[in-house]
Amino acid sequence: MTLSVICGVNWGDEGKGRMVDLLSEDADFVVRYQGGNNAGHTVINEFGTFKLHLIPSGIFRPRVHNVLGQGTVIDLEALVDEINTLKNSGIPMGNLWVSDRATICFPFHRLEDAWEEERLGAGAYGSTKRGMSPAYGDRVMKKGVQMGLLRHRDDLAKRIKMLVEWKTRIAAGVYGNEFPFGVDDLMDWCGTNGDQISDLLVDTTKLLDDASRTGAKILFAAQLGALRDIYFGIYP
């Protein structure tokens, strides 16, 4: 068993993607263990030029299993678009797995991200407005939606109903805006995108534990640099 981790020591943009691409040649699994689609890297190879935001670059190596772990925040729409782009370029997608405990990033998270940047004005964080911070915030507040709920529509609808009621109050009370999403809107969004990736959902903890016990080489890839870590980085 060999476990390796690639993590930037600064803010990000240190060239981690190049190292992941290089070291994945000798890996059995490449695992994105945190982050979302607000960053990524460009891969240029014999298949073309690709901008990956969620899927590990090990996807270009047929023998490598690629995993989005439970620490990731996943915009379903962005993931489906990325998968379809790769498929249309002839890249096999049978070796991609997504944690059923990863957090869904909804369209309203993107909106909240933009509203908060606007509210902060000159003190804005410079967010990419992809919704990562609000989605992670919901996770910590025990209001997030895990990917596994895509397979349990009744429970998903109850969870989304609770979120819509809560977010409506936040939109009006904090930002003075109308919340533009209803339960049906968000359920349709989950169905349209979630149905396309439901077969990829697995217990990635068990998947990787089983693999490690067989001596597999597992490469863990961070999204951003260590200084952005809310415990060990420069906070806030």
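Where in the chain does Lys-129 lie? In this predicted model, Lys-129 lies in the loop between helix H3 and helix H4 (132-140), and its backbone has a positive phi of about 60° although the residue is not a glycine. The briefing below takes the sheet, the aromatic residues, the salt bridges, the cysteines and some points of loop and surface in turn. Six strands form an open sheet with parallel pairing, the count of aromatic pairs comes to eight, and the structure holds 11 salt bridges but zero disulfides.

**Strands and their pairing**

- The open sheet runs in the order E1-E10-E2-E5-E7-E9, and its six strands pair in the parallel sense.
- Strand E1 (2-8) and strand E9 (201-202) stand at the edges of this sheet, and because each has a single partner strand, one side of each is left without a neighbour in the sheet.
- Within the sheet, strand E2 (residues 29-32) pairs with strand E5 (residues 65-68) over four bridges in the parallel sense, and Phe-29 stands opposite His-65 of E5.
- Antiparallel pairing is found between strand E3 (residues 41-45) and strand E4 (residues 48-52), which are joined over five bridges.
- E3 and E4 form a hairpin with two residues between them, and Asn-45 has Gly-48 in E4 as its bridge partner.

**Aromatic residues**

- One aromatic cluster is formed by Phe-106, Phe-108, Phe-179, Phe-181 and Trp-189.
- Within this group, Phe-106 and Phe-108 make a stacked pair, with 5.1 Å from centre to centre and 10° between the planes, and both of these residues are buried.
- Phe-108 also pairs with Phe-179, here in a tilted arrangement with 5.8 Å from centre to centre and 55° between the planes.
- Because Phe-108 lies in helix H3 (residues 107-120) and Phe-179 in the loop between helix H5 (153-175) and helix H6 (183-194), this pair ties together parts that are 71 residues apart in sequence.
- Phe-108 is buried with a relative accessible area of 1%, and Phe-179, at 10% relative accessibility, also counts as buried.

**Salt bridges**

- Lys-167 meets Glu-112 in a salt bridge with an N to O distance of 2.9 Å, and this pair links distant parts of the chain, since Lys-167 is in helix H5 and Glu-112 in helix H3, 55 residues apart.
- Both Lys-167 and Glu-112 are buried, the relative accessible area of Lys-167 being 2%.
- The side chain of Lys-167 also meets that of Asp-138 in a salt bridge, at 3.0 Å from N to O, and here the link runs from helix H5 to Asp-138 in helix H4, 29 residues apart.
- Asp-138 counts as buried at 3% relative accessibility.
- A salt bridge is also formed by Asp-195 and Arg-153, whose closest N and O atoms are 3.4 Å apart, and it links the loop between H6 and E9, where Asp-195 is found, with Arg-153 in helix H5, 42 residues apart.
- Arg-153 is partly exposed, with a relative accessible area of 33%.
- Asp-75, Glu-77 and Arg-110 are joined into one network by salt bridges that share partners.

**Cysteines**

- The structure holds zero disulfides, and for Cys-105 the closest cysteine sulfur, in Cys-190, is 11 Å away and therefore too far for a bond.
- Cys-190 is likewise in no disulfide, the sulfur of Cys-105 being the nearest cysteine sulfur to its own.
- Cys-105 is buried with a relative accessible area of 0%, and Cys-190 counts as buried at 1% relative accessibility.

**Loops and surface**

- Lys-129, the loop residue of the opening question, counts as partly exposed at 42% relative accessibility.
- Lys-142 is another residue other than glycine with a positive phi, near 65°, and it lies in the loop between H4 and H5.
- At 71% relative accessibility, Lys-142 counts as exposed.
- On the surface, Ile-230, Tyr-231, Phe-232 and Tyr-235 make a nonpolar patch of about 620 Å².
- Of these patch residues, Ile-230 is found in the segment after strand E10 (217-225), and at 53% relative accessibility Ile-230 counts as exposed.

Note on methods: Residues numbered from 1 in each chain as written. Predicted model: local features only at pLDDT ≥ 70, side-chain atom pairs only at ≥ 80, totals over all residues. Heavy atoms only, no water. Pairing = 2+ DSSP bridges. Patch = residues over 30% accessible without salt bridge, like charges linked within 9 Å, V, L, I, M, F, W, Y side chains within 5 Å. Areas by Shrake-Rupley, 256 points an atom, 1.4 Å probe, with all protein chains shown as cover. Salt bridge = Lys/Arg side-chain N within 4 Å of Asp/Glu carboxyl O. Buried < 20%, exposed > 50% of the residue type's maximum accessible area, 1.4 Å probe, protein only. Disulfide = S-S within 2.5 Å. Phe/Tyr/Trp six-rings, centres within 6.5 Å; stacked < 30°, edge-to-face > 60°.
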